[in-house]
Amino acid sequence: MEQRLFGSTKRLVARIGQGTWFIEDAERASAIAALRRGLDLGMTHIDTAELYGGGAAEELVGEAIAGRRNEVFLVSKVLPENAFRSGTRLACEQSLARLDTDRLDCYLLHWRGRHPLEETIAGFEDLQRAGKILSWGVSNFDVPDLRDALAIAGQGEGRFACNQVLYHLQERAIEHAVLPWCERHGVAVTAYSPFGHGNFPGSGTEGGRVLAKIAAAYEATPRQVALAFLTRRPSLFAIPKAIPPAHAEENAGAGDLQLSDSDVALIDAVFPRGPQPRALPVL
Ligand SMILES: NC(=O)c1ccc[n+]([C@@H]2O[C@H](COP(=O)([O-])OP(=O)(O)OC[C@H]3O[C@@H](n4cnc5c(N)ncnc54)[C@H](OP(=O)(O)O)[C@@H]3O)[C@@H](O)[C@H]2O)c1
């Protein structure tokens, strides 16, 4: 499993990690086995949130990583409604309790809400000083939001590490402005819903056929090719969610797959980036 520098953290993090949205709905033993199998195969970046299952996903992650905490780059998220200064601290304490750990490796604002970003970032900094989070970041931020966060936080080690965003073959909007901005400012970009939240291109579609053809050349699978494409730049990470351990194994197999320029061009042709959602100068 390739490891990459995760934004300003100066830490090496697995290129392919594991998501946990709706994981609590699955058969518990299978979900825990998948997360553990994923860890065995190097998918040590685990993403969760207080939102998921109202905390049930965090509890399940806590069980899965018991005795293996030091292997994991553990990420959770505060809900916007809780993201005022003291609310952020309290939400984090509750996540830590559910995860049965003393620290998060990265703590994210799930999306921007009504509380001023200054409040959230002050909460993150309190938590960082207390050693309860080792870094922090944001999620679902567009360029104007990113600029605001940077203006408040400033740049530097341990500050503003990551932007976690929707990114899959059929949703490439971040490539226009968000990804270039993050790369210029040393912010890691984590692709969530990398399989389109269960809407992966089928084998009977043109896109599915192109993925299968590329996959065959590497003795890989279409999903591994998709993950390799989505993490083709050093700033990018992906966190697919998988329940059966066999799915986790398949996803981990993308961790060292490097596509050629011609593979990328073939994928570009069949899953085009599409127009820029709105005109934004990249500053
Ligand atoms: N920050 C945010 O706002 C935000 C939003 C959405 C998601 N996220 C994070 O991103 C993670 C991933 O996104 P997601 O859960 O929306 O969807 P996803 O990872 O794009 O897709 C999950 C779906 O793909 C299937 N799958 C995974 N690996 C497979 C494989 N090897 N073969 C066949 N099917 C496979 C899963 O089925 P099985 O379960 O049966 O394996 C599930 O149906 C979330 O779990 C969450 O941690 C963050």
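## Helix α9 and the ligand shell

Helix α9, which spans residues 245-252, contributes three residues to the shell around the ligand, and no element gives more. The structure described here is a predicted model.

By class, the shell consists of twelve polar, ten nonpolar and five charged residues. Among the 27 residues around the ligand, those that come nearest are Asp47, Ser193, Phe195, His197 and His247.

## Polar contacts of the ligand

Two oxygen contacts and one nitrogen contact may be described in turn. The backbone of Trp21 provides a polar atom at 2.8 Å from an oxygen atom of the ligand. From Asn140, a polar side-chain atom lies 2.9 Å from an oxygen atom of the ligand. Gln164 also takes part through its side chain, where a polar atom is 2.9 Å from a nitrogen atom of the ligand.

On its own, the ligand has 900 Å² of accessible area, and the protein covers 87% of this area.

## Location of the ligand

In which pocket does the ligand sit? The ligand occupies the largest pocket.

## Salt bridges

The whole structure contains 22 salt bridges according to a search of the model. One of the pairs that meet in a salt bridge is formed by the side chains of Arg37 and Glu249, with a nitrogen-to-oxygen distance of 2.7 Å. Arg37 belongs to helix α1 (residues 28-40) and Glu249 to helix α9, so that the pair, 212 residues apart, links distant parts of the chain.

Helix α9 thus appears in two settings: it gives three residues to the shell around the ligand, and it holds Glu249, the partner of Arg37.

Notes
Residues are numbered from 1 along each chain as its sequence is written. This is a predicted model: local features need pLDDT of at least 70, side-chain atom pairs count only at pLDDT 80 or more; totals for chains, interfaces and linings use all residues. Side-chain values use heavy atoms; hydrogens and water are left out. A residue is near a molecule or strand if one of its heavy atoms lies within 4 Å of it. A polar contact is a pair of N or O atoms within 3.5 Å; within protein, one must be able to donate a hydrogen and the other to accept it, and residues adjacent in sequence count only if both atoms are side-chain atoms. Accessible areas come from the Shrake-Rupley method with a 1.4 Å probe; for residues, only the protein chains shown count as cover. On a 1 Å grid over the protein atoms alone, a cavity is a set of points where a 1.4 Å probe fits but cannot get out, and a pocket is an open set with protein on both sides within 12 Å along at least five of seven lines; lining residues have an atom within 4 Å of a point. A molecule sits in a cavity or pocket if more than half of its atoms lie within 2 Å of its grid points. Helices (H or I, at least four residues) and strands (E, at least two) are DSSP runs, numbered from the N terminus. Ala, Val, Leu, Ile, Met, Phe, Trp, Tyr, Cys and Pro count as nonpolar, Asp, Glu, Lys and Arg as charged, and the others, Gly among them, as polar. A salt bridge is a side-chain nitrogen of Lys or Arg within 4 Å of a carboxyl oxygen of Asp or Glu.
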